[in-house]
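Dear colleague,

I am passing on the structure we talked about, and below it I have set out what was found in it. Please read the notes with the model open beside them.

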Amino acid sequence: MATNSSHLLFLCLTTFFTLSFAIRPKHFNLSTFATHWSTASATWYGSPDGAGSDGGSCGYGDAVSQAPFYSMVTGIGPSLYNAGKECGACYAIKCTQHPSCSRKSARVVITDFCPGGPCASDHAHFDLSGTAFGAMAKPGQAKHLRDAGVLKIRFARVKCDYSRTNLVFHVDQGSNPNYFAVVVEFEGGDGDLAGVSLKEESGHQWLKMVQSWGAVWKVDPGRELHPPFSIRLISQYSEQVLVAKNVIPSGWSPGATYRSVVNYV
């Protein structure tokens with residue numbers, strides 16, 4: 001009887017975890033579930049020790065080569081890019097089959113899109129920066145690993161951790177008194193966003209922002225906006241709400257970057 005009960009408990013737990021990853025339920029927390037590894041292919045682009053491209057299709061610009069990204073970034077195929085909605089998501093990657101593989105995992109952030117070749121044909125493909133690709137190698141063997149061509153890897157969605165770095169808002173160059181767009185950078189926890197809203201200084205309601213492209217969110221109310229602006233974020237996996245109060249000041253400028261005092265943990 002005890003054996004049957006244990007078997008039933010195992011089946012229940014297996015079903016629970018399978019469904020949890022399949023349906024992405026509300027309040028899902030990446031840090032509280034076992035790491036779920038899958039198989040993908042990987043290549044690299046840009047310079048051997050670089051950040052791939054200067055910013056990529058998510059709109060992060062030269063931040064990709066600076067802290068806290070440190071060039072540990074990746075372009076991603078259509079299946080995971082999800083029309084830019086997954087910009088900022090973090091993945092653990094590792095390789096085990098090539099002789100130069102360390103078998104240790106490294107964490108990368110989605111900052112770019114890879115549209116063709118194996119990126120489009122494979123069920124999951126990571127086009128990594130040279131830095132990130134080399135991070136999967138044994139010490140001193142990064143060059144040998146980068147010479148491998150298309151590499152089979154393991155990957156898992158993981159929590160983003162930007163210790164001691166708060167959310168940053170980079171105002172899009174096209175913003176003006178009647179139209180406001182912003183790049184949201186360094187979201188901890190889930191990493192990607194389900195929704196963004198803006199509230200004016202004297203406003204009592206949140207204005208829904210829509211994804212313009214990549215990590216850029218915009219609002220176009222058809223009238224003049226009155227700063228300072230507070231920005232409310234909803235995380236993609238756990239649907240946690242976070243408010244950066246008055247993060248965009250009066251007298252804000254297009255192209256300027258404003259740092260908040262909050263972040264997901």
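**The second largest pocket**

Strand 7 (168-171), strand 8 (180-185) and strand 14 (257-259) each contribute at least two residues to the lining of the second largest pocket. Please keep in mind throughout that this is a predicted model. Among the strands, the most is given to this lining by strand 7, which supplies 3 residues. The volume of the second largest pocket is about 240 Å³, and of the 19 residues that line it, those closest to its centre are Tyr 60, Asp 62, Ala 63, His 170 and Glu 185. By residue class, the lining of the second largest pocket consists of 9 nonpolar, 6 polar and 4 charged residues.

**The cavity**

Turning to enclosed space, the structure holds 1 cavity of 30 Å³ or more, and the space in the largest cavity comes to about 60 Å³. The largest cavity is lined by Gly 84, Lys 85, Cys 87, Glu 187, Leu 193, Gln 211, Gly 214, Ala 215 and Trp 217, a lining that divides into 4 nonpolar, 3 polar and 2 charged residues.

**Strand 2 and its partners**

Strand 2 (residues 73-76) is joined to two other strands, and the two pairings run in opposite senses: strand 4 (residues 106-113) is parallel to strand 2, with 4 bridges between them, whereas strand 5 (residues 125-129) is antiparallel to strand 2, with 3 bridges between them. On the side of strand 4, Phe 113 stands opposite Ile 76 of strand 2, while in strand 5 the residue opposite Gly 75 is Asp 127. As for the directions in which the residues of strand 2 point, Val 73 and Gly 75 face one way and Thr 74 and Ile 76 the other, and all of these residues are buried.

**The chain as a whole**

Over its full length, the chain has a secondary structure of 5 helices and 14 strands. Of its 265 residues, 45% are buried, and the accessible surface of the chain is about 13000 Å², with 54% of that area belonging to carbon and sulfur atoms. Among contacts in the chain with a separation of 6 or more, 70% are between residues that lie 24 or more positions apart.

With best regards

Notes: Residues are numbered from 1 along each chain as its sequence is written. This is a predicted model: local features need pLDDT of at least 70, side-chain atom pairs count only at pLDDT 80 or more; totals for chains, interfaces and linings use all residues. Side-chain values use heavy atoms; hydrogens and water are left out. Buried means under 20% relative accessible area, exposed over 50%, partly exposed in between (1.4 Å probe, protein chains only). Two strands pair if DSSP finds at least two bridges between them. Contact means heavy atoms within 4.5 Å. Accessible areas come from the Shrake-Rupley method with a 1.4 Å probe; for residues, only the protein chains shown count as cover. On a 1 Å grid over the protein atoms alone, a cavity is a set of points where a 1.4 Å probe fits but cannot get out, and a pocket is an open set with protein on both sides within 12 Å along at least five of seven lines; lining residues have an atom within 4 Å of a point. Grid points are joined across faces, edges and corners, and a volume is the space filled by probe spheres set on the points. Ala, Val, Leu, Ile, Met, Phe, Trp, Tyr, Cys and Pro count as nonpolar, Asp, Glu, Lys and Arg as charged, and the others, Gly among them, as polar.
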